[in-house]
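Reader: I have a model open and want to go through it quickly. Can we take it question by question?

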Amino acid sequence: MKAKETKLLNFLKQSPQFVIPVYQRTYSWTERECRQLWDDVIRTGNDDQVAAHFVGSVVYIEESVYQVTSQSPLLVIDGQQRLTTTMLILEALARHLGDEEPVDGFSAHKLRRLENHKRKERVPTGEYTVEHIMPQNEDLSAQWQADLGPDWQRVHEEFLHTLGNLTLTGYNSEYSDRPFAEKRDMKGGFKMSPLRLNEGIGALERWDERAIKARADNLANLASKVWAPVNLPEERLALYRTLPERGPISTYTIADHPHLTPGSPCRPLFDALRKEVLALNPVVTEEFLKLYVAYKAETNFVDVVPQASRLRLSLNMSFQELHDPRGIAKDVTNIGRWGNGDVEVGLSDLNELRYVMALVHQAFERQMGNGEREG
């Protein structure tokens with residue numbers, strides 16, 4: 001296994017398809033989990049002191065690590081809930097923005113994928129930029145107005161940023177706002193272009209609504225092959241069809257924990273601990289469960305069980321890895337307890353909070369990959 005840090009959008013561009021194994025649970029995030037992710041993204045974006053938001057690790061396997069002629073699907077082992085939600089967010093943004101790009105470079109990425117589909121000799125498309133065949137300049141020349149026809153303003157507004165009008169070129173600055181005939185016939189023009197994306201453009205007399213629509217249809221057909229839907233055999237689909245129906249997902253709040261009611265001995269302890277844990281990092285989230293409260297980054301790193309006079313903390317790490325000079329932690333390896341991990345720590349006095357948080361921080365750092373590993 002090899003671990004590496006990457007930006008989420010770069011990871012999504014890494015493969016044309018993500019495959020979820022049949023043994024993985026179905027998508028189960030509700031509005032609560034989606035809202036938590038969205039709030040984290042907004043909070044990070046609004047804080048100049050936070051450089052990035054850690055969405056957690058994604059574990060995957062390349063279905064064909066030796067395939068060099070095209071990008072192979074990635075088999076997602078862990079992280080499908082976050083990946084699916086992120087893709088849904090991007091799709092919603094794309095629909096809301098319309099012709100505008102939700103993220104700079106999306107159009108270029110799509111066109112480059114189309115150009116190199118099933119090529120054995122791949123074109124270095126990173127050297128090319130996106131070209132609007134019909135120029136972006138609202139003040140179109142008289143020749144462009146004549147080519148587009150009497151309804152040129154509507155055509156320009158409606159089709160400017162659409163797939164049919166976009167291509168790749170190394171002559172963006174030379175093309176500029178030239179009339180179509182010049183773009184077609186000049187040195188390096190569409191007649192001479194070696195790119196498959198530009199096939200047929202050089203044979204056209206004019207570039208108008210009809211030409212844009214025709215090219216869009218051709219590219220859409222190609223796109224349907226590049227981003228083809230998953231074709232699963234019937235026996236594999238049958239496994240999904242026989243899954244038992246899921247009941248409603250239970251939700252809990254602080255009110256469901258009697259030892260955390262206002263005025264209870266544990267409530268001040270919990271409020272103080274909660275504040276410190278959530279302040280560790282913007283990625284930390286809180287989830288109230290039936291018998292304990294979970295604090296997560298990538299997954300649970302500390303679980304808090306409210307009791308009558310104290311809080312019992314479960315640290316999700318090996319007991320041998322914990323640095324505990326005072327020896328207050330207890331090894332509960334292979335002992336049944338509510339919560340996750342092999343380390344149990346009690347908190348019954350606010351004066352102990354600073355030291356307990358030092359232990360909690362170790363569990364958090366372990367999960368984030370910053371802890372020291374033995375061996």
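Reader: Is D271 buried, partly exposed or exposed?
Author: This is a predicted model, so the value is computed from predicted coordinates. Buried means under 20% relative accessible area, and exposed means over 50%. D271 has a relative accessible area of 34%. That makes D271 partly exposed.

Reader: Which side chain does D271 meet in a salt bridge?
Author: The contact is 3.0 Å, N to O. The two residues are four apart in helix α11, so about one helical turn separates them. Residues three or four places apart in an α-helix point the same way, because there are 3.6 residues a turn. The partner of D271 is R267.

Reader: Which residue pairs with R274, and where does that partner lie?
Author: R274 is in helix α11. R274 is partly exposed, at 24% relative accessible area. Its salt bridge spans 2.7 Å, N to O, and links distant parts of the chain, 12 residues apart. The partner is E286, in strand β6 (residues 285-288).

Reader: How exposed are R178 and E182, which meet in a salt bridge?
Author: Their side chains meet at 3.0 Å, N to O. Partly exposed covers the range between under 20% and over 50%. R178 is at 34% and E182 at 37%. R178 counts as partly exposed, and E182 is also partly exposed.

Reader: How many salt bridges does the structure hold?
Author: Side chains of opposite charge can pair when their charged atoms come close. One network is built from bridges that share partners: D151, R154, E158, E209 and K213. The total for the structure is 15.

Reader: Which residues of the largest nonpolar core have the most contacts inside it?
Author: This core has 32 residues. Elements giving two or more residues to it are α11 (266-278), β7 (293-296), β8 (300-306), β9 (311-315), β11 (343-347) and α12 (353-368). The residues with the most contacts inside the core are F301, L311, L313 and L315.

Reader: Which element gives the largest share of that core?
Author: Both helices and strands contribute two or more residues, including α11 and β9. The largest share is eight residues. They come from α12.

Reader: What does L315 touch, leaving out residues up to four places away in sequence?
Author: L315 is one of the residues with the most contacts inside the core. Its contacts include F301, V302, L322 and N340. G341, D342, V343 and V345 are also among them. The list is completed by L359, V360 and A363.

Reader: How many residues are in the other core, the one that includes L140 and M186?
Author: It lies apart from the core that has 32 residues. I201 and A211 are also among its members. Its count is 17 residues.

Reader: Why do the buried residues of α6 line one face of the helix?
Author: Helix α6 covers residues 152-159, and W152, V155, H156 and F159 are buried there. The face turned away from the buried side carries the exposed residues Q153 and E157. Seen down the axis, the buried residues line one face because they fall within an arc of 100 degrees.

Reader: What do the buried residues of α6 pack against?
Author: Those residues are W152, V155, H156 and F159. They pack against α5 (142-148) and α9 (209-226).

Reader: Which helix gives the largest share of the nonpolar surface patch?
Author: The patch, about 300 Å², is made by W38, V41, I42 and L93. W38 is partly exposed, with a relative accessible area of 37%. The largest share, three residues, comes from helix α2 (residues 31-46).

Reader: What is the phi of K118, which is not a glycine?
Author: K118 sits in the loop between α4 (106-115) and β4 (129-132). At 68% relative accessibility, K118 counts as exposed. Its phi is positive, about 60 degrees.

Reader: And what is the phi of S176?
Author: S176 lies in the loop between α7 (172-175) and α8 (180-185). It counts as partly exposed, at 43% relative accessibility. S176 is not a glycine, yet its phi is positive, about 45 degrees.

Notes. Residues are numbered from 1 along each chain as its sequence is written. This is a predicted model: local features need pLDDT of at least 70, side-chain atom pairs count only at pLDDT 80 or more; totals for chains, interfaces and linings use all residues. Side-chain values use heavy atoms; hydrogens and water are left out. A nonpolar core is a set of buried Ala, Val, Leu, Ile, Met, Phe, Trp, Tyr and Cys residues joined through side-chain atoms within 4.5 Å. Buried means under 20% relative accessible area, exposed over 50%, partly exposed in between (1.4 Å probe, protein chains only). Contact means heavy atoms within 4.5 Å. The arc is that of the directions from the helix axis to the C-beta atoms. A salt bridge is a side-chain nitrogen of Lys or Arg within 4 Å of a carboxyl oxygen of Asp or Glu. Patches are made of residues with over 30% relative accessible area and no salt bridge: like charges are joined within 9 Å, nonpolar side chains (Val, Leu, Ile, Met, Phe, Trp, Tyr) within 5 Å. Accessible areas come from the Shrake-Rupley method with a 1.4 Å probe; for residues, only the protein chains shown count as cover.
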